[in-house]
Amino acid sequence: MEGHMQIDWDVPIVVDDGLTLRADVFRPSTTDADARHPVLLSYGPYGKGLSFQEGYASSWEIMVREHPDVAAGSTNAYQNWEVVDPEKWVPHGYACVRVDSRGAGRSPGYLDPFSARETRDLYACIEWAGTQPWSTGKVGLAGISYYAINQWHVASLQPPHLACMVVWEGAADSYRDMSYHGGIYCTFFENWYDIQVTSVQYGRGAHGPVNPNTGQPVCGDETLSEDERARNRADFGAQLRAHPLADDFHRERSADWARITVPFLSAGNWGGQGLHLRGNVEGFIRAASTQKWLEVHGLEHWTEFYTDYGVNLQREFFDHFLKGVDNGWDRRPPVLLQVRTVDGFVERAESGWPLPRTAWTDLHLDVEDLALRTERPPRPASKSYDMLGPGLTLTTPPLSEPMEITGPLAARLFLASSTTDADAFLTVRAFAPDGSEMLFRGAIDPRAPLAQGWLRASHRQLDETLATPERPYHTHRDVQPLRPGRVYQLDVEIWPTSIVLPRGYRIALTVAGTDFDHGQQGARLGHFANEFRGCGPFIHQDPRDRPADVFGGTATLHTGGPYESRLLLPVIPDGDT
């Protein structure tokens with residue numbers, strides 16, 4: 001017993017192949033043997049016994065320093081990376097269940113992230129939690145990132161006891177959201193696996209961290225050799241690199257929208273360029289659920305999940321769907337946005353996404369003057385750039401009146417390459433009247449541009465059944481090499497953004513052949529591999545995917561006349577901000 005909370009450590013959950021997973025259960029302490037509680041459950045690889053404060057010290061320090069409400073009202077003794085704090089839920093009548101995923105923490109087995117085997121395990125955990133004597137039979141899923149991604153996966157299997165879920169900053173498409181942006185390999189997940197997951201693999205035992213509450217090894221009581229642990233885990237980076245197209249490997253690790261029917265709240269982050277934001281928006285648009293809500297906020301990747309704002313939002317949702325409280329949640333508008341301004345956020349409800357009143361606005365590219373224009377340039381022009389250099393930046397005149405841009409963006413480029421392929425890295429930027437660039441706090445990178453998009457030219461084929469003008473959707477099923485010197489039309493998806501720019505500011509588009517670099521001092525955060533220079537950890541620099549003889553040539557951008565290169569903006573009239 002821990003005051004008003006009963007904690008059961010390392011509870012066994014036996015799944016269909018006979019493996020025993022281990023879970024910690026936090027629930028209200030009561031003498032009533034018939035007491036039942038709705039369940040908030042999470043299943044993932046970060047080690048349920050590793051404290052947030054020890055495992056992710058710099059992230060925790062930043063969060064509690066800048067947002068003291070995160071730590072208020074809790075001893076914080078049971079804080080764990082990217083899952084709910086039981087001390088803020090158990091007193092409200094919830095049971096919280098944390099499960100170490102197969103092969104991680106104190107659960108043995110073969111470690112294989114996002115696999116179908118993991119999804120079946122999560123299904124089994126939901127059904128276990130829904131049939132315990134202390135459970136009402138209603139299970140909700142809650143958590144950030146990994147603990148959100150696998151919610152999309154398991155919802156596709158429709159477990160009977162899954163009542164609802166809060167998908168907080170969770171990608172949904174293994175290929176497009178996570179591993180291959182526009183067909184270009186992103187090294188993030190390879191580094192993530194080595195740093196954040198194998199470090200808490202089951203079998204590290206005495207060589208791993210210790211749970212400060214129990215004194216038990218976070219990574220199981222067995223201490224296995226490195227060779228034994230290596231045989232007990234997938235080589236995740238090699239797996240990803242072995243699947244450069246959107247094949248069955250990626251489909252197995254992606255959402256099946258037609259089968260997701262459970263009520264959900266999808267919470268995204270404007271700064272989530274490169275990982276989660278796209279999945280949160282796609283889920284809201286495409287999932288078959290009839291009861292679904294989209295919320296988009298700012299700040300760091302994990303912060304708003306733990307603030308009073310985030311906890312209260314989640315509690316209102318879960319109270320309605322897990323407890324049956326008539327609190328008006330079902331009458332809420334389907335979209336809640338924290339609209340970004342140059343110095344903060346303004347909360348606003350909306351009736352749909354993209355916003356129904358969007359005034360879709362084309363800015364035409366003109367390389368002759370490196371300009372973005374409202375009128376299409378009549379005269380054709382072209383300009384070349386080194387694909388490994390800073391590229392070309394095209395800019396609007398100063399805005400004559402304030403402008404709100406909120407929603408998905410897209411670009412159409414007419415591009416030629418000196419080689420058989422080219423990678424297009426597109427960055428939407430904002431500049432103040434004095435010429436300084438406005439960089440915003442991203443989910444991970446503290447200095448990020450407004451929006452980013454990517455496309456490998458040989459992956460230019462659109463899926464005509466899913467593509468829309470504001471969201472080009474590519475098949476990524478085959479490769480169509482370029483003929484050097486020939487001009488090709490590329491329709492590029494740019495991930496959503498939100499900003500209200502004052503009069504006198506300028507919008508810019510950078511077209512380059514490599515990752516954006518803001519040119520300022522970089523930043524580092526403890527558990528990430530690279531210095532952040534505008535893209536956070538979501539970079540594309542693997543020479544096996546981008547050999548210099550192909551992606552280090554010269555690209556030529558064509559505009560004007562027959563070449564209708566343009567940037568499509570979601571301009572919001574009368575934004576009430």
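The following exchange concerns the nonpolar cores and cavities of this structure.

This is a predicted model, in which local features need pLDDT of at least 70 and side-chain atom pairs count only at pLDDT 80 or more, while totals for chains, interfaces and linings use all residues. Residues are numbered from 1 along each chain as its sequence is written, and side-chain values use heavy atoms, with hydrogens and water left out.

Student: Which helix gives the largest share of the largest nonpolar core?

Tutor: A nonpolar core is a set of buried Ala, Val, Leu, Ile, Met, Phe, Trp, Tyr and Cys residues joined through side-chain atoms within 4.5 Å; buried means under 20% relative accessible area with a 1.4 Å probe, protein chains only. Here that core has 72 residues, with Phe189, Trp192, Trp302, Phe317 and Phe318 touching the most other members. Six of its residues, the largest share, come from residues 308-323, helix H12.

Student: What is the volume of the largest cavity?

Tutor: A cavity is a set of points on a 1 Å grid over the protein atoms alone where a 1.4 Å probe fits but cannot get out; its volume is the space filled by probe spheres set on the points, which are joined across faces, edges and corners. The whole structure holds nine cavities of 30 Å³ or more. The volume of the largest is about 190 Å³.

Student: Which element supplies the largest share of the lining of the largest cavity?

Tutor: Lining residues have an atom within 4 Å of a point. There are 23 of them, and Ser145, Phe188, Leu275, His276 and His301 lie nearest the centre. The largest share, four residues, comes from H6.

Key: Buried means under 20% relative accessible area, exposed over 50%, partly exposed in between (1.4 Å probe, protein chains only). Helices (H or I, at least four residues) and strands (E, at least two) are DSSP runs, numbered from the N terminus. On a 1 Å grid over the protein atoms alone, a cavity is a set of points where a 1.4 Å probe fits but cannot get out, and a pocket is an open set with protein on both sides within 12 Å along at least five of seven lines; lining residues have an atom within 4 Å of a point.
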